[in-house]
Amino acid sequence: MEGNKEEYIRVGTCLYKIAQQPLANGTCTLRRIPWSFGTIRQDYGKNNTPPIRKYDGFCTVPSHTDYHKEIGGFYNLYEPIDHIPSEGEFPDIMKLMHHIFGEQFELGMDYMQLLYAKPTQKLPILLLVSEERNTGKTTFLNFLKAVFEDNVTFNTNEDFRSQFNADWAGKFEDSAQMVPLVAVNMVPLIALNMVPGVALNMVPGLDALQER
């Protein structure tokens with residue numbers, strides 16, 4: 001959405017306003033808020049309505065190298081990212097990855113590369129588990145948010161108890177804080193679970209990979 005210009009879309013027969021919702025951590029996340037034509041007429045006047053792009057329905061097609069917002073007349077819920085990869089040194093990121101993954105550093109680097117280059121490939125769900133504070137977990141989540149931008153959402157206990165499916169639709173990564181259980185999704189999911197012990201685990205039912 002360019003500047004402060006309000007954006008509206010019609011998907012099927014439903015109207016939405018595209019807006020950036022502020023979060024408690026100081027960042028924002030993209031929301032599609034159900035709207036009405038009557039409200040638009042009240043805001044803009046009967047003869048001055050803004051342009052409304054029309055789509056047949058929703059789809060979720062993640063891509064970081066060949067992105068399209070509209071695919072076959074459908075609105076892609078996955079959002080574009082602004083980054084353009086280039087060669088160079090990235091010591092701070094390397095330090096963070098070493099700190100988070102430890103002996104499984106190569107696994108972590110492979111995982112991040114696959115998330116970027118092949119976002120539709122099914123991957124294990126990573127759980128970063130630690131009862132200690134100031135271990136870099138929040139920094140890592142902020143790093144994921146910086147890389148994948150509006151395709152990452154932060155969730156809390158209350159979000160898991162609510163009807164969250166609509167808000168999470170199309171999100172590439174859901175980062176959960178202080179929740180005991182994370183459901184398997186059809187797309188890669190990063191979750192932060194603060195429980196006793198320190199381990200990097202796969203969700204039960206998948207091939208286990210953990211620190212002993």
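**Exercise 1. Is Cys28 buried, partly exposed or exposed in this predicted model, and how many disulfides does the structure hold?**

Solution. Begin with the accessibility of Cys28, whose relative value is 33%. Buried would require under 20% and exposed over 50%, with partly exposed in between, so Cys28 counts as partly exposed. Turn next to Cys14, which has a relative accessible area of 38% and is therefore partly exposed as well. Finally, consider the cross-links: the number of disulfides in the structure is zero.

**Exercise 2. Describe the surroundings of Asn76, starting from its place in the secondary structure.**

Solution. First, locate the residue: Asn76 belongs to strand S7, which covers residues 74-76. Second, examine its accessibility, which is 0% in relative terms, so that Asn76 counts as buried. Third, look for a polar partner of the side chain: one of its polar atoms lies 3.0 Å from the backbone oxygen of His68. Fourth, set aside the neighbours within four places in sequence, and the residues in contact with Asn76 are Cys59, Thr60, Val61, Tyr67, His68, Lys69 and Ile71.

**Exercise 3. Place strand S7 within its sheet, and determine which strands form the edges.**

Solution. The sheet is open and consists of three strands in the order S5-S7-S6, with mixed pairing. Its edges are strand S5 (57-59) and strand S6 (70-71), each of which pairs on one side only. Going on to the pairing of S5 with S7, one finds that these strands run parallel and are joined by three bridges. As a point of orientation in the 3D view, Gly57 can be found opposite Phe74 of S7.

**Exercise 4. Work out the arrangement of the four-stranded sheet and of the helix that packs on it.**

Solution. The order of the strands in this open sheet is S3-S2-S1-S4, and the pairing is again mixed. Strand S3 (28-34) and strand S4 (52-55) are the edge strands, since each is paired on one side only. On average, and with direction ignored, neighbouring strands of the sheet are turned by 30° against each other. Within the sheet, strand S1 (residues 7-11) pairs with strand S2 (residues 14-22) in the antiparallel sense over five bridges, and Tyr8 stands opposite Lys17 of S2. Helix H1 (residues 37-44) packs on this sheet, where it touches S1, S2 and S4, and the direction of H1 makes about 155° with that of S1.

**Exercise 5. Which elements supply at least two residues of the largest nonpolar core, and from which of them does the largest share come?**

Solution. As background, nonpolar side chains in soluble globular proteins tend to be buried together. Here the largest nonpolar core has 19 residues, and those with the most contacts inside it are Met97, Met112, Phe140, Phe143 and Phe148. At least two residues of this core come from each of helix H2 (91-101), helix H3 (105-117), strand S8 (126-129) and helix H4 (137-148). The largest share, six residues, is supplied by H4. Taking Met97 as an example, and leaving aside neighbours within four places in sequence, its contacts are with Gly102, Phe105, Gly108, Met109, Met112, Phe140 and Phe143. A second core, separate from this one, has eight residues, among them Ile9, Val11, Ile18 and Leu77.

**Exercise 6. How many helices and strands does the chain contain, and what percentage of its residues count as buried?**

Solution. The chain has six helices and twelve strands. Of its 212 residues, 41% count as buried. To complete the picture, take the contacts with a separation of 6 or more: residues 24 or more positions apart account for 50% of them.

Conventions. Residues are numbered from 1 along each chain as its sequence is written. This is a predicted model: local features need pLDDT of at least 70, side-chain atom pairs count only at pLDDT 80 or more; totals for chains, interfaces and linings use all residues. Side-chain values use heavy atoms; hydrogens and water are left out. Buried means under 20% relative accessible area, exposed over 50%, partly exposed in between (1.4 Å probe, protein chains only). A polar contact is a pair of N or O atoms within 3.5 Å; within protein, one must be able to donate a hydrogen and the other to accept it, and residues adjacent in sequence count only if both atoms are side-chain atoms. Contact means heavy atoms within 4.5 Å. A disulfide is a pair of cysteine sulfur atoms within 2.5 Å. Two strands pair if DSSP finds at least two bridges between them. Axes are lines fitted to C-alpha atoms, for helices over the stretch in contact, and angles run from 0 to 180 degrees between N-to-C directions. A nonpolar core is a set of buried Ala, Val, Leu, Ile, Met, Phe, Trp, Tyr and Cys residues joined through side-chain atoms within 4.5 Å.
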